[in-house]
Amino acid sequence: MKSKLFILLFCSASFFVFAKKYEVGVNRSFKTIKAALAQIQNGDSVLVYEGLYKEGNIVLDKEVKLIGINFPVLDGQKKYEVLSIKAANVLVCGFKVQHSGYATLEDPGGIKVYNTRNVVIRDNILDDNFFAIYLQYCSNCIIKNNRIKAYGIEEQQIGNGIHCWKSDSLQIIGNTISGHRDGIYFEFVTNSIIWRNISATNIRYGLHFMFSNNDSYISNVFKNNGAGVAVMFTNKVKMFNNTFTENWGDAAYGLFLKEISDSYIFGNKFLKNTEAIHMEGTSRIKVEKNVFEANGWGMKIQASCMENEIVSNNFVGNTFDISTNGSLVLNTFNGNYWDKYEGYDLDKNKIGDVPYHPLSLFSVIVEKNPPAMLLFRSFMVTLLDKSEKIMPSLTPDNFIDNTPLMHSLKL
Amino acid sequence: MNRIIKFIVLDILKNKIVLVYTAILSILSWSVFSLEDNSTKGLLTLLNVILLTVPLISVVFSTIYIYNSSEFIELLLSQPIKRSKIWWSLFFGLTLSLLLSFFIGTGIPILFYAPSDVGIMMLLVGFFITTVFVAIAFLSSILTRDKAKGIGIAIMLWLFFALLFDGIVLFLLFQLSDYPIEKMMVGITAFNPIDLARILILLHLDVSAMMGYTGAIFKDFFGTSIGIFIAFIILFLWIIVPFLVSLIKFNRKDL
């Protein structure tokens with residue numbers, strides 16, 4: 001037993017002895033990062049001190065811990081990809097990476113990770129890059145607490161904040177992203193988590209999500225992005241406790257769902273969006289305990305959706321709670337709170353005694369004839385709406401919440 | 001002129017109806033705000049009051065008042081006062097007292113519970129709507145000497161602006177839905193002061209929906225400061241034109 005412990009101690013000691021530290025800086029042994037990287041063995045650390053490093057493309061092809069002290073600046077001079085990570089078990093932290101090159105064919109990034117695993121990128125500042133952090137064919141990587149900023153004006157001229165392609169088991173945690181095309185982009189990424197990020201004022205989507213199964217995104221904030229958040233062609237996605245606010249515009253959604261199945265939307269807040277949730281061709285989704293407040297449209301559920309359950313949500317102060325484009329209804333609504341509900345509760349069980357029709361006649365009219373919005377809230381339209389609520393003729397009569405709540409849920 | 005205005009305002013205040021109108025508005029507004037848990041819903045209810053009740057009371061009360069003061073007008077005409085001065089003072093007196101009761105009845109609760117941009121806009125729009133319908137009352141009462149006919153015209157005009165106009169627009173929208181009529185629709189609202197008022201408030205109240213595709217056309221026009229300015233100019237025209245027409249008619253009328 002003792003000998004084993006001794007061997008263990010010896011090994012770990014030897015690790016500390018032989019894993020060398022290299023220092024890069026003005027008055028240090030190395031003047032450039034490239035020179036230090038040329039010397040290192042697998043497992044060594046490189047400490048980079050304050051300063052401006054214009055070294056073109058820096059390639060990390062050995063296991064290395066690249067640590068910046070007081071945010072040394074790596075500048076791509078608008079020509080080069082700044083950091084290329086091609087080895088496993090690499091750590092990059094504490095750098096300011098700026099001005100990566102722009103090329104539509106090669107997609108250069110501030111930090112680009114190629115075909116590898118166990119890479120950690122944390123606590124960096126990425127400023128004015130084409131793509132900020134780019135991962136392809138990676139697994140088990142962590143992208144944490146980075147501050148990412150760009151100044152894109154046009155969709156075609158700028159890349160994504162965190163771009164992940166064909167990867168598995170990623171953790172995207174606590175990053176702040178603004179001014180890119182898509183804040184976070186997922187394509188063919190599986191078993192990953194997006195947690196506590198803030199994605200705001202990006203040109204297109206705050207989060208763009210395609211063909212990425214078994215992922216979850218939790219407690220993120222998506223604010224004032226060009227078109228909100230899009231989740232498409234995916235199944236088994238979990239969306240918990242996110243906040244979607246102020247996604248305004250003629251094609252802007254809090255959350256845009258297209259061809260999604262078997263997913264779970266729980267505890268999110270949708271505030272002041274033009275359309276909080278837009279559903280197209282989605283099936284078997286459960287929307288539970290979300291708050292829809294002050295949106296133009298709470299949910300637009302197209303007739304192509306089926307077997308979705310909308311349960312225990314609060315709909316407060318929306319212009320229209322629900323809208324649809326057809327008469328086919330294959331979804332269920334139960335136990336939601338609607339502030340427009342005018343029913344009564346005689347048996348005092350806190351559930352309204354008459355069912356609620358969340359679909360107003362006028363929302364159907366506007367869907368068919370957009371300029372009719374001009375007449376919204378006029379007395380004539382209010383009259384039409386009232387009579388339609390009592391005797392549905394134009395709106396589908398099975399579009400119904402049988403157990404509407406009398407009081408809002410505490411969410 | 002000031003003395004005539006003062007006299008008319010005092011006369012109207014002595015007439016209990018305006019006081020009752022103030023009381024009703026105030027009970028309605030305070031109860032609406034204290035019953036609803038959020039002020040937006042209260043504003044919504046008040047929107048209906050402003051778009052229906054305020055114009056109705058303004059137009060009917062003013063028409064009847066003008067008819068009833070025909071003897072007073074004749075008395076004033078025997079004095080060395082210009083005709084237009086009498087008509088202007090009558091207009092100012094009526095408008096002032098109705099604006100005052102609207103402000104006390106609805107304005108104070110709005111400023112108390114919802115001093116936001118929606119509230120301010122609602123107040124402004126309420127002032128304009130009151131004045132517009134007083135001007136319309138002047139026009140309808142000068143058109144005919146018959147009191148019943150005059151009040152009838154006033155009520156018909158109210159009915160037209162508050163209800164029928166929207167019905168006609170809705171009908172047109174469906175008949176012409178295959179054509180690009182969005183811009184035309186913006187133009188059409190200029191022909192109804194109540195619609196204009198409603199859209200001005202709508203752009204603040206349902207801002208999220210108005211940012212969407214359907215509202216974009218209106219947001220582009222009414223949402224800009226120039227658009228709001230133009231809308232208020234049109235509302236102002238709705239005051240000036242009917243009143244000036246009535247003034248010209250009054251100057252030439254053989255009483």
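**Exercise 1. Two crossings in chain B**

In which hand does helix 3 of chain B pass helix 6 of chain B? Work out as well how the two helices are oriented to each other.

*Solution.* Keep in mind that this is a predicted model.
- Step 1: The axes of helix 3 and helix 6 (residues 117-143) of chain B come within 8 Å and cross at roughly 25°.
- Step 2: Angles under 35 degrees count as roughly parallel, and therefore helix 3 of chain B is roughly parallel to helix 6 of chain B.
- Step 3: The crossing of helix 3 of chain B with helix 6 of chain B is right-handed.
- Step 4: Sorted by class, the residues of this contact are 18 nonpolar, eight polar and no charged.

**Exercise 2. Helix 2 and helix 5**

Now describe how helix 2 of chain B packs with helix 5 of chain B, and find which residues make the contact.

*Solution.*
- Step 1: Two packed helices are described by the angle between their axes and the distance between the axes.
- Step 2: For helix 2 (residues 16-35) and helix 5 (residues 83-113) of chain B, the angle is about 15° and the axes are 9 Å apart.
- Step 3: Helix 2 and helix 5 of chain B are therefore roughly parallel to each other, and helix 2 passes helix 5 in a right-handed crossing.
- Step 4: From helix 2 of chain B, the contact includes Val18(B), Tyr21(B), Leu25(B) and Trp30(B). From helix 5 of chain B, Phe102(B), Ile104(B), Gly105(B) and Pro109(B) are among the residues taking part.
- Step 5: The contact of helix 2 with helix 5 of chain B divides into nine nonpolar, seven polar and no charged residues.

**Exercise 3. A portrait of helix 9**

Check the length of helix 9 of chain B, then say whether the helix is mostly covered and how it lies against helix 12 of chain B.

*Solution.*
- Step 1: Helix 9 of chain B has 13 residues (193-205), which at 1.5 Å a residue should span 18 Å. The end C-alpha atoms of helix 9 are 18 Å apart, so the expected span agrees.
- Step 2: Twelve of the 13 residues of helix 9 of chain B are buried, and the helix is mostly covered. Among the buried residues are Asp195(B), Arg198(B), Ile199(B) and Leu205(B).
- Step 3: The axis of helix 9 of chain B comes within 10 Å of the axis of helix 12 (residues 225-252) of chain B, and the two cross at roughly 150°. Since angles over 145 degrees count as roughly antiparallel, helix 9 is roughly antiparallel to helix 12 of chain B.
- Step 4: The crossing of helix 9 with helix 12 of chain B is left-handed.
- Step 5: Pro193(B), Leu196(B) and Leu200(B) of helix 9 meet Ile228(B), Ala231(B), Ile234(B), Leu235(B) and Trp238(B) of helix 12 of chain B. This contact has eight nonpolar, no polar and no charged residues.

**Exercise 4. Where the chains touch**

How many residues of chain B are in contact with chain A, and which helix supplies the largest share?

*Solution.*
- Step 1: On the chain B side there are 32 residues, in contact with 28 residues of chain A.
- Step 2: Helix 3 (39-68), helix 7 (147-175), helix 8 (182-189), helix 9, helix 10 (207-210) and helix 11 (213-222) of chain B each give at least two residues to the side that touches chain A.
- Step 3: Helix 7 of chain B supplies the largest share, eight residues.
- Step 4: By class, the side of chain B that touches chain A has 19 nonpolar, nine polar and four charged residues.

**Exercise 5. Chain A and its loops**

Sketch chain A in numbers, then look at the phi angles of Phe71(A) and Asp107(A).

*Solution.*
- Step 1: Chain A holds four helices and 38 strands. Its C-alpha trace spans about 85 × 60 × 30 Å along the principal axes.
- Step 2: Of the 411 residues in chain A, 46% are buried.
- Step 3: Most residues other than glycine have a negative phi.
- Step 4: Phe71(A), in the loop between strand 5 (64-68) and strand 6 (73-75) of chain A, has a positive phi near 50°. Phe71(A) is partly exposed, with 15 other C-beta atoms within 10 Å.
- Step 5: Asp107(A) has a positive phi of about 50° and is found in the loop between strand 9 (96-98) and strand 10 (109-114) of chain A. Asp107(A) counts as partly exposed, with 19 C-beta neighbours inside 10 Å.

**Exercise 6. One loop residue in chain B**

Is Tyr179(B) buried or exposed?

*Solution.*
- Step 1: Tyr179(B) lies in the loop between helix 7 and helix 8 of chain B.
- Step 2: A residue with 12 or fewer C-beta neighbours within 10 Å is exposed. Tyr179(B) has 8 inside 10 Å, so Tyr179(B) counts as exposed.

Technical notes: Residues numbered from 1 in each chain as written. Chains lettered and ligands numbered in written order. Predicted model: local features only at pLDDT ≥ 70, side-chain atom pairs only at ≥ 80, totals over all residues. Expected span 1.5 Å × (residues − 1). Buried ≥ 20, exposed ≤ 12 C-beta atoms within 10 Å, placed from the backbone. Contact = placed C-beta atoms within 7 Å. Nonpolar A, V, L, I, M, F, W, Y, C, P; charged D, E, K, R; others polar. Axes fitted to C-alpha atoms, helices over the stretch in contact; angles between N-to-C directions. Parallel < 35°, antiparallel > 145°, perpendicular 65-115°, else oblique. Left-handed = near helix turned anticlockwise from the far one by under 90°.
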